[in-house]
Amino acid sequence: MKTIFLTTVLATLFSFSNIYAGNSKDKVYSNIETTKYGCTKEYTTVDGTSLEALKKAVFVYDTKNNLKEKTYYKWSSQGWVGTYKYVYEYNSDGSKVANLIFTKWDKNMATWSTKSQHLIHVYDDASGKLLTVKQVQVNNNSSGLIANK
């Protein structure tokens, strides 16, 4: 009986959250620019009532349509301020992610942090299957390696 009641409550809450999520007043505007070097897709979210800018996401692709970078910003009184970004590096033939670099915005320095998380992807040479992902924290402001997880 408790299971049925709990399932009913969760289903009701889930349905209400879907209704409100579908009625968001925010609007998203997109801009896509294609060059000989690849493609940049920019999505800007604005308040649907006031049209005030809220946040922006920028995706950069290479000519092979590989995602090279995705960067997120929020709007402030100073303009667009970064929140975090991902940089993707691929293996020599461009078919698999070799390194994923995650960096946060440093509010104190008003620039991207010198510390970043690197997710190094290791593949089996024979089959090409992903074997492991190694996480390494790097500080570009000092001697290099900080921690190895």
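This is a short walk through one protein chain, from its overall make-up down to a single histidine.

Okay, hi everyone. One thing up front: what you see is a predicted model. So let's start with the whole chain. It has 149 residues, and 27% of them count as buried. There is 1 helix, along with 9 strands. If you read along the sequence, the helix comes at the start of the pattern, and then it's strand after strand: α-β-β-β-β-β-β-β-β-β.

What about the outside? The chain exposes about 10,700 Å², and 55% of that is supplied by carbon and sulfur atoms. As for contacts between residues at least 6 apart in sequence, 15% of those join residues at least 24 apart.

Now, some of those strands. Take β2, residues 38-46, and β3, residues 53-61: they pair in the antiparallel sense, over 8 bridges. If you want a spot to click on, try Glu 42, whose bridge partner in β3 is Val 58. Between β2 and β3 the hairpin has 6 residues, and Leu 51 there takes a positive phi near 60°.

Carry on along the chain and β3 also pairs with β4, residues 67-76, again in the antiparallel sense, this time over 7 bridges. Here you can look at Lys 56, which stands opposite Tyr 73 in β4. This hairpin has 5 residues between the strands, and Asn 65 is the one with a positive phi, near 70°.

Let's go to the surface for a moment. Which residues make the nonpolar surface patch? They are Val 28, Ile 32 and Tyr 43, and the patch comes to about 270 Å². Ile 32 sits in β1, the strand of residues 27-35.

Last stop, and the one I'd like to spend a little time on: His 118. You'll find this histidine in strand β7, which covers residues 111-123. Is His 118 buried or exposed? It's buried, because its relative accessible area is 14%, and the cut-off for buried is under 20%.

So what is around it? The His 118 side chain makes two polar contacts I can point to. One is with the side chain of Asn 99, at 3.3 Å. Another goes to the side chain of Ser 116, at 3.2 Å. Then, leaving aside neighbours within four places in sequence, His 118 is in contact with Asn 99, Leu 100 and Ile 101, and also with Lys 134, Gln 135, Val 136 and Val 138. Asn 99 turns up in both lists, by the way, as a polar contact and among these sequence-distant neighbours.

That's my tour, thanks for listening.

How values were computed:
Residues numbered from 1 in each chain as written. Predicted model: local features only at pLDDT ≥ 70, side-chain atom pairs only at ≥ 80, totals over all residues. Heavy atoms only, no water. Helix = DSSP H or I, 4+ residues; strand = E, 2+ residues; numbered from the N terminus. Buried < 20%, exposed > 50% of the residue type's maximum accessible area, 1.4 Å probe, protein only. Polar contact = N/O pair within 3.5 Å; in protein donor to acceptor, adjacent residues only side chain to side chain. Contact = heavy atoms within 4.5 Å. Pairing = 2+ DSSP bridges. Patch = residues over 30% accessible without salt bridge, like charges linked within 9 Å, V, L, I, M, F, W, Y side chains within 5 Å. Areas by Shrake-Rupley, 256 points an atom, 1.4 Å probe, with all protein chains shown as cover. Salt bridge = Lys/Arg side-chain N within 4 Å of Asp/Glu carboxyl O.
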